[in-house]
Amino acid sequence: MQTKHIVNIGNSQKLDYIDDNSVNLVVTSPPYPMIEMWDETFGIMNPNITKALENEDAMEAYKLMNGELNKVWEEVDRVLVPGGIVCINIGDATRKVGKTFQLFSNHSKIINFFEQMKYQVLPEILWRKQSNKPNKFMGSGMLPPNAYVTLEHEYILIFRKDNNRQFKNDTEKENRRESAYFWEERNVWFSDLWLDVKGTSQKLDDKKLRNRNGAYPFELAYRLINMYSVKGDMVLDPFLGTGTTIISAIASGRNSIGYELDPNFEEYIKKSIKNSKNSSNEYILNRFEKHVVFVNNRIEEKGPLKYTANNYPIPVMTRQELNIKLSLIKEIKEKEEFIIADYEDININDAKNKIINKKLKKSKQMTF
């Protein structure tokens, strides 16, 4: 298996290099309107935003910032296939402009716009990013009524274009089965509250780059890609940032394309992608390890499981997991305008040794 990946430096309000109806999944985190670190970026897109902020007209700036994002969502609609999914990680903002402090509900603005484009709004995920900072509380402390609740979560908004995706022939259906996830992963991933995904550092050491970025963690993008696409699909991130979505797409066996406005990020992104092989493979093997822990405990508590996976000597909970197939990255290389990833099947003995070395409990049914 081989996948291709493209890093485009440019404004995603015009996805010039992407054909209509050619993307299966969008996973992205745009600049958050009314978060101060993004003021300059939005101001470059539209100088009227800078003027509105200078004039302390918060609502005008807020409206114009979301208007710039809407231009990207319109392009996303053009390139997305019918049945395709859009996942947007967005946070609301709290800010004092002039004498007024208020919440700016970015997630509701995006939902309203996708509703206008006739998308199906699917249940959203709350990503809880807890903060232990002593100054996280805002307002007048212990004196009512002018203190404010903490803002420690972000949203993962999920939209579908048109109706459910169809898998029409035997090849497509088999690929879908091989793209399955484990039953216990489903129970965690498809919860509407994610407490176990830790945030990633927003600071960059490279002096050529902006001091902070909007990067989300590998785990977040990897989950969404595996939840809402199948192997070989095309994944798009119109706000690529440090390249996490492409790294996650490679680990998942998907193709991908990303757009980043800041040209200073290109070298950093490509270096990060090409250096991601070992960490991605470790993550994939850890999925096996976690599954072995789960089934060992399950068998010990409730007895043997009914099914064993076809590709690995591992019990699974359901028929839908029988053909699950995970691959490791063999090589990541740059070739002309593409980054190419080659894969190899997991060596079951290597996985076995890794898991046994963890000194896990073994059952009669577990062949590991």
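**Notes on the predicted model**

1. Starting with enclosed space: there are two cavities of 30 Å³ or more in the structure. This is a predicted model, so please read everything below with that in mind. The largest cavity holds about 130 Å³ of space. It is lined by 17 residues, and those closest to its centre are Lys231, Ser252, Arg254, Lys325 and Leu326. By class, its lining splits into seven nonpolar, five polar and five charged residues. If you want to find the walls by element, H7, helix H8 (244–252) and H10 each give at least two lining residues.

2. Now for the open space. The second largest pocket has a volume of about 950 Å³. Its lining runs to 36 residues, with Arg176, Tyr181, Phe190, Met227 and Tyr228 the closest to the centre. Which element gives the largest share of that lining? That would be E6, with four residues. Other contributors of at least two residues each include strand E3 (80–90), strand E9 (153–160), H5, H6 and helix H7 (218–228). In terms of chemistry, the lining of this pocket counts 16 nonpolar, eleven polar and nine charged residues.

3. On to the rings. The model has 16 aromatic pairs. One of them is Phe182 with Phe288, an edge-to-face pair with 6.5 Å between centres and 75° between planes. This pair ties together distant parts of the chain: Phe182 is in the loop between helix H5 (170–178) and helix H6 (183–189), while Phe288 is in helix H10 (residues 277–302), 106 residues apart. Are these two rings' residues buried or exposed? Phe182 counts as buried because its relative accessibility is 2%, under the 20% cut-off, and Phe288 is buried too, at 0%.

4. Next comes another pair involving H6 and H10. Trp183 and Phe294 have ring centres 5.7 Å apart and planes at 35°, so this pair is classed as tilted. It also links distant parts of the chain, with Trp183 in helix H6 and Phe294 in helix H10, 111 residues apart. Trp183 is partly exposed, with a relative accessible area of 22%; that label follows because the value lies between the 20% and 50% cut-offs.

5. Still on aromatics, Trp73, Phe114, Tyr119, Phe159 and Phe239 make up one aromatic cluster. Two charge-over-ring contacts are worth pulling up on screen as well. In one, the charged end of Lys4 sits over the ring of Phe338, 4.9 Å from its centre. In the other, the charged end of Arg223 sits over the ring of Trp194, at 4.8 Å from the ring centre.

6. A look at helix H2 (residues 47–54). Which of its residues are buried? They are Ile49, Ala52 and Leu53. Viewed down the axis of H2, these buried residues fall within an arc of 95°, so they line one face of the helix. Pro47 and Glu54, on the other side of H2, are exposed.

7. A buried glycine: Gly258 belongs to strand E12 (residues 255–260). It counts as buried because its relative accessibility is 0%. Gly258 and Pro238 are 20 residues apart in sequence, with their C-alpha atoms 5.6 Å apart in space.

8. Finally, some backbone geometry to check. Most residues other than glycine have a negative phi, and most peptide bonds are trans. Where does the model depart from the usual peptide geometry? The bond from Pro144 to Pro145 is cis, with omega near 5°, and Pro145 lies in the loop between strand E7 (138–139) and strand E8 (147–148).

9. As for phi, Glu56 has a positive value, near 60°. Glu56 is in the loop between H2 and helix H3 (58–79), and it counts as exposed because its relative accessibility is 52%, over the 50% cut-off. Glu336 also has a positive phi, near 55°. Its place is in the loop between strand E15 (327–335) and strand E16 (338–345), and Glu336 is exposed at 69% relative accessibility.

Note on methods
Residues numbered from 1 in each chain as written. Predicted model: local features only at pLDDT ≥ 70, side-chain atom pairs only at ≥ 80, totals over all residues. Heavy atoms only, no water. Phe/Tyr/Trp six-rings, centres within 6.5 Å; stacked < 30°, edge-to-face > 60°. Buried < 20%, exposed > 50% of the residue type's maximum accessible area, 1.4 Å probe, protein only. Lys NZ or Arg CZ within 6 Å of the ring centre and 35° of its normal. 1 Å grid on protein atoms, 1.4 Å probe; cavity = no way out; pocket = protein on both sides within 12 Å on 5 of 7 lines; lining within 4 Å. Points joined across faces, edges and corners; volume = space filled by probe spheres on them. Nonpolar A, V, L, I, M, F, W, Y, C, P; charged D, E, K, R; others polar. Arc of directions from axis to C-beta.
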